[in-house]
Amino acid sequence: MKEPLNFGVFYAPFHPIGQDPTLALEYDLERVEALDRFGFDEAWFGEHHSGGYEIISCPEIFIAAAAQRTRRIRLGTGVVSLPYHNPWLLADRLVTLDHLTRGRLIFGAGPGALPTDAYVLGIDPVEQRRMMEESLEAILALFRGEEPVTRKTDWFQLNEARLQVQPHQWPHPEVAVAAMVSPSGPRLAGKYGTSLLSLSMSAANEGFAAIGKAWGVVEEQAAKAGNPEPDRASWRVLGTMHLAETREQAIDDCTYGLQEFAGYFGGGAGFVPLAENTNGKPQSRREFVESYAQSDSVVIGTPDDAIDYIEGLLDQAGGFGTFLLLGHDWASPERTLNSYRLFAQYVIPHFKGRLAAPRASHEWAVGKREEIFGRAGEAVVKAHKQHVAETEASP
């Protein structure tokens, strides 16, 4: 069999305006507990500071809380916006979190996605990727702890910096660099030997971060840096879906919140185009979902649809190690958990190779029915006759 895929969920998170923030964050924690029970491998949490929709401001704090409610699932920062933080202080926090999670931490890093966050901080978006690389290089040097780190840039300075506690994981937590559209993420992953976190919500993206192109950039940059050949198992790819028992039920489920989600991404975040009206007339909530479901980049359907989509994505990419579901509020909490349950029950075992052995054993037993069960029946009849004979012979 092929190497099994891993699976996780990536939470920005998305909570429509009007929800109580306290209850929304509690719901996020409850979802992670469910993922842990269902056997998902990972859960990721983002960092955002404006817009009112993606309301986790510090993934490290959230992970610390989630770690106390879960047992085995790995927990990733998805992602920390490096230009917003001093790299020494950030590395120190991550090491603390690595110990508190007993080594379940994954450090996901990015330049920052929301322009409004950068605006408030007075950071020029043009400089964010350069700043991210400067920070990432310093953090990796601090993690390795080979010698004191001295760095001076136009936005941070380190003088003989070292970590007073080394990471729990050896040599340090897994580091994953985010990629959405530009080639900067794949370039950094190859140059610094990190994992790649492909977060574009459109499989049809044609940029250098596109699924069909990203790994080639990683391999090219790794070769230039003299690094070992990168392992595709370290590549994570994001997909967007909601599952139900039937496609009709899945569409019904998504009338709960898909329209608000698309409104945010087409407006406040500006990433995803809105579904168009039919004949220039306003769409009903169901018509909106039906239109959205026709996109090649989403699955609103059954576990079989999800399997077909992931297999197509694997072919398009040439292989990767982890598939991440985008966490969203398209459906009610009950139907969202049902979607995760269906995914865990039917999709995960398909790609983990857990179904072949029971199926082969069953087919073998059926094929042996005439040969084996006939003799077993004869044995029962013989035992019955022997018992009767012995009983009749008794005084």
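This tour visits one pocket and one cavity in a predicted model.

**The second largest pocket**

Begin by selecting Lys2, Glu3, Pro4, Leu5 and Leu314, the residues of the lining that lie nearest the centre of the second largest pocket. The full lining of this pocket consists of 20 residues, and the space within amounts to about 450 Å³. Next, select helix H11 (303-317) and helix H12 (333-352), the elements that each give two or more residues to the lining of this pocket. One may then colour the lining by class: 8 of its residues are nonpolar, 5 are polar and 7 are charged.

**The second largest cavity**

Rolling a probe the size of a water molecule over the atoms reveals where empty space remains. A search of the whole structure yields 2 cavities of 30 Å³ or more. The next stop is the second largest cavity, with a volume of about 40 Å³.

Which residues line the second largest cavity? Select Met241, His242, Leu326, His328, Thr336, Ser339 and Tyr340 to display them. Then highlight strand E10 (235-243) and H12, each of which supplies at least two residues of this lining. Which element provides the largest share of the lining? That element is H12, with 3 residues.

Finally, colour the lining of the second largest cavity by class: 3 residues are nonpolar and 4 are polar, while none is charged.

**A last view**

Keep helix H12 selected to end the tour. H12 gives residues to the lining of the second largest pocket, and H12 also supplies residues to the lining of the second largest cavity.

Definitions and conventions:
Residues are numbered from 1 along each chain as its sequence is written. This is a predicted model: local features need pLDDT of at least 70, side-chain atom pairs count only at pLDDT 80 or more; totals for chains, interfaces and linings use all residues. Side-chain values use heavy atoms; hydrogens and water are left out. On a 1 Å grid over the protein atoms alone, a cavity is a set of points where a 1.4 Å probe fits but cannot get out, and a pocket is an open set with protein on both sides within 12 Å along at least five of seven lines; lining residues have an atom within 4 Å of a point. Grid points are joined across faces, edges and corners, and a volume is the space filled by probe spheres set on the points. Helices (H or I, at least four residues) and strands (E, at least two) are DSSP runs, numbered from the N terminus. Ala, Val, Leu, Ile, Met, Phe, Trp, Tyr, Cys and Pro count as nonpolar, Asp, Glu, Lys and Arg as charged, and the others, Gly among them, as polar.
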